[in-house]
Each structure stands twice: as structure tokens, then as C-alpha cells.
Amino acid sequence: MTDTQQRSPVRHLVILGHPDPGSFSHAVASRYAEVARANYQMVEIRDLYAVGFDPLLKDIERPQRRPGVCGPDVRHEIDLIEQSDVIAFVYPLWFGTPPAIIKGYIDRVFGAAFLLSDLSRERNFGSFAGKSLCLFTSSASTGQWLEEQGIMSSLQQSFGRYLESIFKFSDTYYSHAASVVDGMSEALAYQHLFDVGEKARAICAEVAATRHHAEI
């Protein structure tokens, strides 16, 4: 058996937060998975609405309550993260912020690996350190309007870069599709999904290259 055959495939965990199975966000998740699999990498899509994920943080789960209780649903999500090399979030922006179910996933799942004392010291998180973080977002607003309002830069700073810093992700990738509305033209939808595919292809190549260099 060759080294290539022995090497485990790159694994992607796609965390999807949209209640409509026919939504553009679902199309983005499918396109991402299609490209990753075409690059001989493994993908699992976690449709949070479809699996009935509970986004409500319990009092006993808060970092202030440590040692807290990690429920079986959170433990399952952490196990999936630990098995993955890339964590990709796919969601729309509603009122300029991620949907509540995405924020709840961060609160409950990411929060289960976090201690308040970590804010004052360096720590490598076993479940997160060294993995790649990807944010695929969409909005009805135009990209120009979002930039003028400072919304995109604010979200990247407060959500992506904050998570990268706290949880020691190795890289963070962003992709935003603007002007996504009911009845948008086929040409615009095609262009957005083409861009998603190109971003996914680049991520697959970079993560595979990083893995290769780490193993030689």
C-alpha cells in the first residue's frame, strides 16, 4: 500500500443554518460538498434545522458553571469537529447577524471547550487548534451597502477572527454572496455558486498541501 493510500483523507464538516431545504444556503452547502468530494476529500453536512439542534444554552453549560454538563447532543457535535480538518459554516445574514441557530451552535458546542481562564493565557484547544475555519454567508443586501455600513468587516472581526484567535484555528476563509433574493436571476445564482466552487477548490488544495507538508 502506498503512502497516498495510507494517508487519511481531508475531512470537512459543513454546519448549515437555514430552515428552508430549497434555500440558496442549501445550494451553497451542496456545491461546497460536491467540489470537496471531487477533490477526493470527505464531507459531512450538519443541517442544524433538519437534525433539530437545540440552540438554547443551558445554565449549567455556561463556562462560569464549570465543571458543567456536556449533553449528548453537544458531545456528538464536538466528536465531529475533532474528526474534521475544516469547519465550514453556511448561513444567511438576517438583520446583519448570523441566525440564532448558528449563534446557539457556537454558544453550546464551541463553548463546551472554553474556560474563562483561557482569556488570560495561551492554550491550544484539542478540538479546534490547527483546523481551518470557513464562513459562507449570503444576504439580500448589496455588497456595496454592506461595506458602506461596515457590516461585513464587523462580522469578520467579531465572528471569524475572534473565533480564530480564541480557538486557535490555523486559517479563516470568507465568502459572501450579496443580493440573494427570491427570484434572483439565474446568471447571478450561477455566478455565486461558481464562486463558492472556486473558493471550495482553493480551500481543498491549501488544506491538502498543509497536510502533506506536515506529514513529510
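A pocket, as the word is used here, is an open set of grid points with protein on both sides within 12 Å along at least five of seven lines. In this predicted model, the second largest pocket has a volume of about 320 Å³. Its lining is made up of 14 residues, and K103, I106, D107, Y162 and F167 are the ones nearest its centre. Helix 4 and helix 6 (151-167) each supply at least two residues of this lining, and the largest share, 6 residues, comes from helix 6. Sorted by class, the lining of the second largest pocket holds 10 nonpolar, 2 polar and 2 charged residues.

The largest pocket has a volume of about 420 Å³. It is lined by 24 residues, of which S138, S139, A140, V180 and V181 are the closest to its centre. Two elements, helix 2 (24-38) and helix 5 (143-149), give two or more residues to this lining. Helix 2 provides the largest share, with 3 residues. The lining of the largest pocket counts 14 nonpolar, 8 polar and 2 charged residues.

Helix 4, already met at the second largest pocket, is mostly covered, with 8 of its 11 residues buried. These are I101, I102, G104, Y105, I106, R108, V109 and F110. Two of them, Y105 and F110, are joined by F89 as the residues with the most contacts inside the largest nonpolar core, which has 30 residues. Strand 1, helix 3, strand 3, helix 4, strand 4 (132-138) and helix 6 each give two or more residues to this core, and helix 6 gives the most, with 7 residues. What does Y105 touch, leaving aside its neighbours within four places in sequence? Its partners are L13, I15, L48, F53, E77, I81, F89 and F110. Apart from the largest core lies another core, of 24 residues, including V14, F24, V43 and A177.

Two of the partners of Y105, E77 and I81, bring the description to helix 3 (residues 72-82), where V74, E77, I78, L80 and I81 are buried. Why do these residues share the same side of helix 3? They cover an arc of only 160° around the axis, and therefore lie on the same side of the helix. The buried residues of helix 3 pack against strand 1 (11-16), strand 2 (42-47), strand 3 (86-92) and helix 4 (100-110).

Note on methods: Residues numbered from 1 in each chain as written. Predicted model: local features only at pLDDT ≥ 70, side-chain atom pairs only at ≥ 80, totals over all residues. Heavy atoms only, no water. Buried < 20%, exposed > 50% of the residue type's maximum accessible area, 1.4 Å probe, protein only. Helix = DSSP H or I, 4+ residues; strand = E, 2+ residues; numbered from the N terminus. Arc of directions from axis to C-beta. Contact = heavy atoms within 4.5 Å. 1 Å grid on protein atoms, 1.4 Å probe; cavity = no way out; pocket = protein on both sides within 12 Å on 5 of 7 lines; lining within 4 Å. Points joined across faces, edges and corners; volume = space filled by probe spheres on them. Nonpolar A, V, L, I, M, F, W, Y, C, P; charged D, E, K, R; others polar. Core = buried A, V, L, I, M, F, W, Y, C linked by side-chain atoms within 4.5 Å.
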